[in-house]
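User: I am new to this structure and would like to learn how to read a few of its features. Please take them one at a time.

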Amino acid sequence: MKIRRVGAYGVCRDEAGRVLLARNSPLSSFPGLWTLPGGGVEQGEHPDDAVVREFAEETGLSVRVDALRTVTADVFRLPTGELEHTDRVIYDVCSRGGTLAPEVSGTTETVEWLTAEDIGRLPLMPFTAVALGVGGAAESDTPDGDEELARPQRVQRFGAYAAATDPDGRILLTRIAAGYPGAGRWHLPGGGTDHGETPEAALARELIEETSQHGRVTGLLGMSHRYDPSALGPEGVPIDWHVIRVLFRVSIDVPTEPSVTEEAGGSTAEAGWFTLAEAKALNLTELAATAVDRVGAEQAR
C-alpha cells in the first residue's frame, strides 16, 4: 500500500553554531536514527505552525521561523510494509526560549545540541543528512506493480506552483477549467505531486503539461495552505480536503506561446503571458494574487 504524508522540520543552531537534533525512539518507524526536530503536518494546519508545534513537543523549546530552507520528498518502506512518500518542508528556525527536554512517550527519546564533528559520526535520517550537507541524496524505495495508493476520505495533498516570469517581466498564468474548484479564475501553473515525485520534478512536469514552457527554478517564495473540511471530491463525494502548496520562483528564459497539453487532465482551460498590470485586472485566485504582488515588489526594487 502506498501512503502520503507531509512533514515540517527545522534547522536550529545555537550561538556556538551547534545544531539541535533528536534521536528517534523505539516508537518511531526508524528507531535509533537522528533527525531534525519536526514531524507530520496535521489536517488543516499550516506547515509554518506545524514546525513550531513539533519543536515545542519534541524539544521543549519555543522557536520562530526565520526562513524556508528547502522542500524535498522521499519514499521509504515502513516496517509494516507500507510504502510511504513524505513531502518534507524544512525551515531555518531560532530558539525564543524554553528548557531543552525530550518528548515524553513519543517518537523521539533525546534531543541534543551537536557540532558538525558530532553529527558526522551519527546514524542520520537520510533527509537530515542531505539538509545538513553531510550525506548524499537518499535513495527512495520503489513500489511493487500492484500496490495501490490509499484514498482516504480525509485528504492531504501537496502541490508545487510557479511564480514564473519571462525576460520582459511578464507573468505566466493558467485559467481553471469549468467543473473544477475556482472555475474561470486565473491561477498559477502547478499542481499536486505524484507518489515518489519531488516538488521540483512535479513543477517541471506541470509547467509543460499546463503551459508547454520549460522553466528554471531560481528560489523559494514560501508556503501556503487551504483547508476545506467539506469539499466535494470526485462524483460529489464529500471529503475533508487540505492542500499544502510550495511556491517556487521560476524564470522562463526562452518563452513561447503557451498551450495546454492533453496531459493537463482537463483542469486547465488555457494559459497566457500577462504584464503585471494586465494580471492585476484579472479574476485571480488567492495564490496567484499573492504571486503577482511578490513579483511586483521584486521588480520595483
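User: Which residues in H1 are buried?
Analyst: Buried means under 20% relative accessible area, exposed over 50%, partly exposed in between (1.4 Å probe, protein chains only). Helices are DSSP runs (H or I, at least four residues) and strands likewise (E, at least two), numbered from the N terminus. In H1, the buried residues are Pro-47, Ala-50, Val-51, Arg-53, Glu-54, Phe-55, Glu-58 and Thr-59. This is a predicted model, where local features need pLDDT of at least 70, side-chain atom pairs count only at pLDDT 80 or more, and totals for chains, interfaces and linings use all residues. Residues are numbered from 1 along each chain as its sequence is written, and side-chain values use heavy atoms, with hydrogens and water left out.

User: What span should helix H1 have?
Analyst: The expected span of a helix is 1.5 Å times one less than its number of residues. H1 has 13 residues (47-59), so 18 Å is expected, and its end C-alpha atoms are 18 Å apart, which agrees. After H1 comes Gly-60, with a positive phi near 80 degrees.

User: How many disulfides are there?
Analyst: A disulfide is a covalent bond between the sulfur atoms of two cysteines. The rule asks for a pair of cysteine sulfur atoms within 2.5 Å, and the count comes to zero. The closest cysteine sulfur to that of Cys-12 is in Cys-94, 7.0 Å away, too far for a bond.

User: Is Cys-12 buried or exposed?
Analyst: Cys-12 is buried, with a relative accessible area of 0%. Cys-94 is buried too, at 17%.
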